[in-house]
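Biologist: Before we look together, I would like every term explained as we meet it. Could you take me through the model slowly?

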Amino acid sequence: MTAVQDTKTIISIKDLNKEYVSSDGKVVRALQNINLDIHEGEFISLIGPSGCGKSTLLRLIADLIQPTNGQLTINGHSANEARKNREYGFVFQSATLYDWRTVLKNVQLPLEVMRYSRKERDQRARDMLKLVDLTDFAEHFPWQLSGGMQQRVSIARALAFEPNLLLMDEPFGALDEMTRERLNNELLEIWGKISSMTVIFVTHNISEAVYLSSRVVVMSPRPGQISQIVDIDLPHPRGPETLDSDRYFHLISEVRHLLREVHD
Amino acid sequence: MSTVSDSQPNPPTPSKIRYNLQEFLDGTGGTVLYFIAILLCLIGAWEGAKFIGQETDYQFELGPIKINLSMTRDLNMPHLKDIAEALSKPSQRQGPPLIEILVKKATYTLRLAIIGFAIGTTIGLALAILFAHSRLLERGLMPYVVASQTVPILALAPMVIIWSEKLFGSREIGMPMITAYLAFFPVTIYTLRGLSDVPPTALELMKSYAATRREILWKLRFPNAVPYIFTALKITAPASVVGTIIAELPTGIQDGLGGAIINFAQYYISGPARLWATNFVTAMAGILFFVTVAFTEWLVIRWKRPSNRLDRWIDTFFKYLRHISPISND
Ligand SMILES: Nc1ncnc2c1ncn2[C@@H]1O[C@H](COP(=O)(O)OP(=O)(O)O)[C@@H](O)[C@H]1O
Ligand SMILES: [Mg+2]
C-alpha cells in the first residue's frame with residue numbers, strides 16, 4: 001500500500017493490456033498500457049470515441065472479462081475477489097430489468113442472491129425506490145415504465161446492497177436530453193448523499209462528463225489508451241448555476257479539443 | 001351531426017356510439033363476432049360444396065389431378081344437420097343420446113391425455129434443464145431425442161401396450177406413456193431455447209452479483225423460458241389428445257374416443273354422421289385442453305405486455321370470463 005494520503009486509493013491500474021482474439025484468429029488490441037489510480041469518493045468519467053475501449057476498461061474492473069496482462073487491484077485485492085465480495089454495482093446502457101419481476105422485485109434481485117432476509121430485502125428495496133423517486137411504481141412491471149424510469153430502477157438495483165463502487169456504462173446514452181439532464185442531477189444527489197461512494201461513468205457526452213465528474217479520463221482509439229486526464233474543479237453542489245458558469249464552458253471546450261486531437 | 005352541449009352528462013352522441021362500437025369490436029364482442037362469422041363461412045363452404053356436387057358423378061381433370069365431385073355425397077360428407085341429429089339421437093336402441101356417450105368417452109380420453117401430458121412435460125423440462133446444464137450431455141443425447149420422434153408412433157404404440165401388459169399387468173398404464181413420448185419433445189426443444197435465449201447483459205448482471213449457476217438457472221434462465229414453455233404446451237395439449245387416441249387403438253379398450261372412432265368407422269356405410277359426430281367431439285376435447293393451457297398461461301404470465309392479436313383476444317376473453325364468473329379474485 002502507498003503512504004497514507006488524504007484519500008484512499010480504491011482502484012489501482014498498472015500497465016493493463018487487453019487483447020480480444022476473434023473466432024477467425026484476428027487479434028484486436030482493445031487497451032494498451034493503461035495506468036490509472038482512482039481514489040475513494042471520486043466521480044470519474046471515461047470519455048472517448050466509440051471503440052476506444054471504455055466498456056472494456058469498465059468490464060475489466062468488474063471482472064466480467066480478464067486482462068491479457070497487467071495489474072488491477074480494487075480495495076487492495078484482485079478484481080475477481082472484489083466481484084466475489086460484491087464490492088461494486090453495475091449499471092448497463094440498457095436497464096436490463098427482468099421482465100417478469102415487478103419494479104420492487106427487480107431492486108430486490110441482488111439482495112436475494114446475496115441472501116438478505118426477507119424483511120431487509122423489502123426495507124432496502126423500498127428505501128432505494130424512494131431514493132430514485134419511484135415509490136409509486138413498486139408494483140409495476142418494467143414494460144409499463146418509460147426508458148428513464150427503467151434506468152432509475154436499474155440504478156436503485158445497483159445501489160441496493162450499498163456497494164462503495166458504482167460502475168456505469170453509458171447509462172443515459174439512450175435517453176433524451178431532458179431526461180438525461182434530470183437523471184444527471186439525481187445521480188449527483190445520490191453520490192453526494194452516500195459519502196465515500198466512488199463512481200466510474202462511461203459516456204461519450206462531453207457536457208455530461210464535465211458536469212458530473214471530479215476527473216475526466218480522455219481516451220484514444222486503436223489501440224485504446226488514456227490520452228489525458230482533466231481535473232474538473234467546478235464547485236459542489238452542482239446545479240443550474242454550474243451550467244451557466246464560465247469555468248464549465250471552459251472545461252467543456254478543453255475536453256472537446258482533447259477529443260478532437262484524439263480523433264485525427 | 002348532433003350538437004349536444006358538453007355540460008350534459010354522458011350525452012349519447014353518434015360519435016360516442018360509434019366509439020363504443022369500435023371498442024366492442026376490439027374487445028370480446030369482436031372476438032365472438034369474428035368467431036361466428038368464420039363459423040358461418042365454414043358451414044357455408046361445406047353445405048355449398050354439397051349443393052354443387054350433390055348426387056353427381058361429374059368428373060373432370062385438372063392437369064394431373066382427377067376431380068370427382070361425387071365426393072360431396074351424403075356418404076362422404078353428411079349434412080351438418082344430420083351430424084347434429086346423430087349427436088342428439090341414441091346410437092343404440094333404448095340407449096342414451098350419442099352425445100352423452102361421446103362426452104363420457106371424451107372424459108376418459110382426456111383424463112389419460114392429461115396424465116400423459118403431465119408426464120411428458122415433466123420429462124421434457126427435466127431433459128432441457130439437464131441439457132442446459134451440460135453441453136456434453138446435450139451433444140450426446142440430443143440425437144437420440146430427435147431420433148425418438150422419427151419413429152412412427154403408430155408402429156410403437158402396440159409394442160408399448162404389450163410391454164405394459166407384461167410389466168404391470170395393465171394395458172392402461174402404457175397409454176399415457178405413449179402420449180408422454182409424443183409430448184416431451186416440443187417441451188424439451190422450446191425450454192432449451194428459452195433457457196439459453198437470455199440477453200448477455202442479463203447474464204452479466206448475475207455474474208456481477210457472483211451468483212451461482214443454480215441461482216442463474218432459477219432466477220434468470222427458467223423465468224426467461226416460461227413463455228417458451230407455454231408455446232410448447234399449447235402445441236402438446238391437443239397433440240396429447242391425438243396421442244392418447246392412437247394409444248387406445250391397439251388396446252381394444254372401448255371406454256375412450258379411440259374405441260368410438262374404430263367402432264363408428266366400421267359402421268360408416270350405415271351411418272356416416274356418427275363418425276363425423278365423434279370427430280367433432282374429439283376436436284372439442286382438444287380445443288378444451290388447449291384453452292385450459294392458454295388460460296393458465298394468461299394467469300401465469302401477467303408481466304408481459306399483450307403483444308399480438310391472439311394474446312389480446314385471450315386476454316379480453318378471459319377478462320370477460322372473470323367478469324361474469326362468481327369467483328372473483330383481487
Ligand atoms: N468481445 C469482443 N471480441 C472482439 N473484439 C471486441 C470485443 N469487445 C470489444 N471488442 C473490440 O474492442 C474495442 C473496444 O471496444 P469497447 O470497449 O466496446 O469500446 P467502447 O466502449 O469505447 O465503444 C473495439 O474495437 C471493439 O470492436
Ligand atoms: Mg461501450
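Modeller: Let us begin with contact, which means heavy atoms within 4.5 Å. By that rule, the contact takes 25 residues from chain A and 20 residues from chain B. Please keep in mind that this is a predicted model, in which local features need pLDDT of at least 70 and side-chain atom pairs count only at pLDDT 80 or more, while totals for chains, interfaces and linings use all residues. Residues are numbered from 1 along each chain as its sequence is written, chains are lettered from A and ligands numbered from 1 in the order in which they are written, and side-chain values use heavy atoms, with hydrogens and water left out.

Biologist: What makes up the area buried between chain A and chain B?

Modeller: Buried area is the accessible area (1.4 Å probe) that two parts lose on being put together, summed over both. For chain A and chain B this comes to about 2,100 Å², and carbon and sulfur atoms give 62% of that area.

Biologist: Why is the meeting of A:Arg115 and B:Glu215 called a salt bridge?

Modeller: The term asks for a side-chain nitrogen of Lys or Arg within 4 Å of a carboxyl oxygen of Asp or Glu. The N to O distance between the side chains of A:Arg115 and B:Glu215 is 2.6 Å, so the pair satisfies the limit of 4 Å. Across the interface of chain A and chain B the rule finds 3 salt bridges, and the structure holds 19 over all chains.

Biologist: Which salt bridge does A:Arg101 form?

Modeller: The side chain of A:Arg101 meets that of A:Glu112, at 2.8 Å from N to O. This pair links distant parts of the chain, since A:Arg101 lies in the loop between E6 and H3 of chain A and A:Glu112 lies in helix H3 of chain A, 11 residues apart. Names such as H3 and E6 come from DSSP runs, numbered from the N terminus: helices are H or I with at least four residues, and strands are E with at least two.

Biologist: How do you know that strand E3 and strand E9 of chain A pair?

Modeller: Two strands pair if DSSP finds at least two bridges between them. Strand E3 (residues 43-47) and strand E9 (residues 215-220) of chain A have 4 bridges in the parallel sense, so the requirement of at least two bridges is met. Within this pairing, A:Ser45 stands opposite A:Val216 in E9(A).

Biologist: What makes E2 and E5 of chain A edge strands?

Modeller: They belong to an open sheet of 4 strands with antiparallel pairing, in the order E2-E1-E4-E5 (chain A). Strand E2 (27-39) and strand E5 (77-78) each have a single partner strand, so one side of each is left without a neighbour in the sheet. Inside the sheet, 5 bridges join strand E1 (residues 9-21) to strand E4 (residues 69-74) of chain A, which run antiparallel, and A:Lys14 stands opposite A:Gln71 in E4(A). Helix H1 (residues 54-61) of chain A packs on the sheet, where it touches E1, E2 and E4 of chain A.

Biologist: How many bridges join strand E1 and strand E2 of chain B?

Modeller: There are 4 bridges between strand E1 (residues 59-62) and strand E2 (residues 65-68) of chain B, and the strands run antiparallel. B:Phe60 stands opposite B:Ile67 in E2(B), and in the hairpin, with 2 residues between the strands, B:Gly63 takes a positive phi near 60 degrees.

Notes: Axes are lines fitted to C-alpha atoms, for helices over the stretch in contact, and angles run from 0 to 180 degrees between N-to-C directions.
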